[in-house]
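Biologist: Could you take a close look at the helix packing in this model for me? I would love the geometry and the contact residues in one connected account.

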Amino acid sequence: MQPLAGRRIWLVGIGGAGLSAYGVLARAWGAEVGGWDRNETPYLETVRAAGLEVVVSPEPETPEGWEIVVSSAYPTVAGRSRAEFLAELVSLRRSIVVGGTHGKSTTSAMIAFALRELGRDPAFVIGAEVPQLGGNAGTGEGWLVVEGDESDRTIELLRPEIGVVTNVELDHHVTFASEAELEELFERWLAEVPNAVRGSELDPLPPEALPYLAGEHNRRNGAAALAALELAGEERPAAERALREFRGAGRRFELVGEERGVTVYDDYAHHPTEVAATIAAARELGERVHVLFQPHLPSRTRHLAHELGAALAEADSACVTEIYAAREELPPGVSGKAVVDALAEARAGMPIGWAPDVADGVRIVAAWADEGDVVLTVGAGDVDRAAPLVLAALR
């Protein structure tokens with residue numbers, strides 16, 4: 001019998017990376033699933049294709065007779081938290097959960113991809129599109145591979161057989177008062193997991209182990225994925241062969257296209273460490289690097305403006321847009337201009353742009369780029385629309 005048969009589950013925020021994947025999996029496990037979101041998103045195409053009912057409207061809709069599961073983006077809506085729902089899904093299958101500040105999506109995708117290549121038919125819920133896996137959710141009969149989120153402490157509730165923490169660095173300043181508090185959360189969680197992988201204790205894989213992925217950060221992700229695969233019972237040589245074919249997750253140094261000899265990549269990086277790692281990966285291509293960066297969350301920008309400026313200073317030029325506020329309000333006096341000021345301080349004389357609107361930033365970075373250069377569009381907000389616009393501006 002399917003474990004969720006007979007259930008009617010309504011997801012508030014179904015268009016997000018997380019709930020869209022949970023919904024597809026719940027439908028495959030026998031539940032009737034539907035949901036609401038404020039906007040159309042790329043994930044809704046997959047949701048509808050899986051047979052889920054979707055309502056898009058300005059205000060949340062919660063029909064009677066359904067279990068209501070609510071995204072953390074809508075804290076005023078009554079219902080079960082997405083963390084509690086994910087904990088139930090994890091409890092229903094042998095599971096591998098990947099947490100950590102950076103690299104969760106890529107590491108989860110690596111594990112799921114390798115298990116599939118090895119014939120293990122995994123299920124998975126990942127916070128990014130994975131082209132080689134056909135999306136961000138899979139409904140196989142083997143291991144369940146889950147990306148666990150610390151931003152709202154979701155990961156505390158998950159009890160997998162194998163737990164992975166890629167790394168620990170403060171990223172969510174509204175949720176955690178210090179890095180020590182975050183580290184304590186992860187250690188407390190790993191203490192409840194039978195098999196633990198700590199990425200910080202592992203050496204990165206050699207470059208030839210991941211021929212399609214640039215950057216030491218990806219080689220560290222690969223080391224964590226390989227350790228988890230071994231704990232799942234896979235022979236190391238076979239797992240290494242499978243990982244060698246992995247080509248990356250969506251918006252993780254994703255090649256969007258090339259125009260007039262300029263190569264354009266899109267990346268989800270929003271923390272200084274991630275921004276620096278993305279620029280370093282582009283440097284491995286041996287080209288000049290121009291960055292269009294959209295800060296994400298007022299709280300993060302306020303706390304990390306100096307560090308973001310220092311990270312962007314590693315590029316040849318950088319343009320910064322206004323903050324993408326997401327689930328927070330943009331308070332008076334807080335602006336992406338703080339990152340511009342920090343960048344100017346970090347590297348005087350560097351070509352720097354300030355473009356409150358993403359479209360204006362596109363024109364600036366396109367004008368900087370010459371044949372042989374790399375353009376990076378970077379951030380966790382709607383800057384993902386910028387890469388195609390850069391390509392169009394270069395034509």
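Modeller: Happy to; here are two helix pairs, one after the other. This is a predicted model, in which local features need pLDDT of at least 70, side-chain atom pairs count only at pLDDT 80 or more, and totals for chains, interfaces and linings use all residues. Residues are numbered from 1 along each chain as its sequence is written, and side-chain values use heavy atoms, with hydrogens and water left out.

Helices here are DSSP runs (H or I, at least four residues), numbered from the N terminus. Helix 9 (residues 298-312) packs on helix 10 (residues 337-346) with the axes 7 Å apart and at an angle of about 40°; axes are lines fitted to C-alpha atoms over the stretch in contact, and angles run from 0 to 180 degrees between N-to-C directions. That makes helix 9 oblique to helix 10 (under 35 degrees is roughly parallel, over 145 roughly antiparallel, 65 to 115 roughly perpendicular, and the rest oblique). Contact means heavy atoms within 4.5 Å. On the helix 9 side, the contact residues are Thr301, Ala305, His306, Leu308, Gly309, Ala310 and Leu312, and helix 10 supplies Ala338, Val339, Ala342, Leu343 and Ala346.

Now the second pair: helix 11 (residues 358-368) and helix 12 (residues 386-394) cross at roughly 45°, their axes coming within 9 Å. These two helices, helix 11 and helix 12, are therefore oblique to each other. Val358, Val362, Val365 and Ala366 of helix 11 meet Ala386, Leu389, Val390, Ala393 and Leu394 of helix 12.
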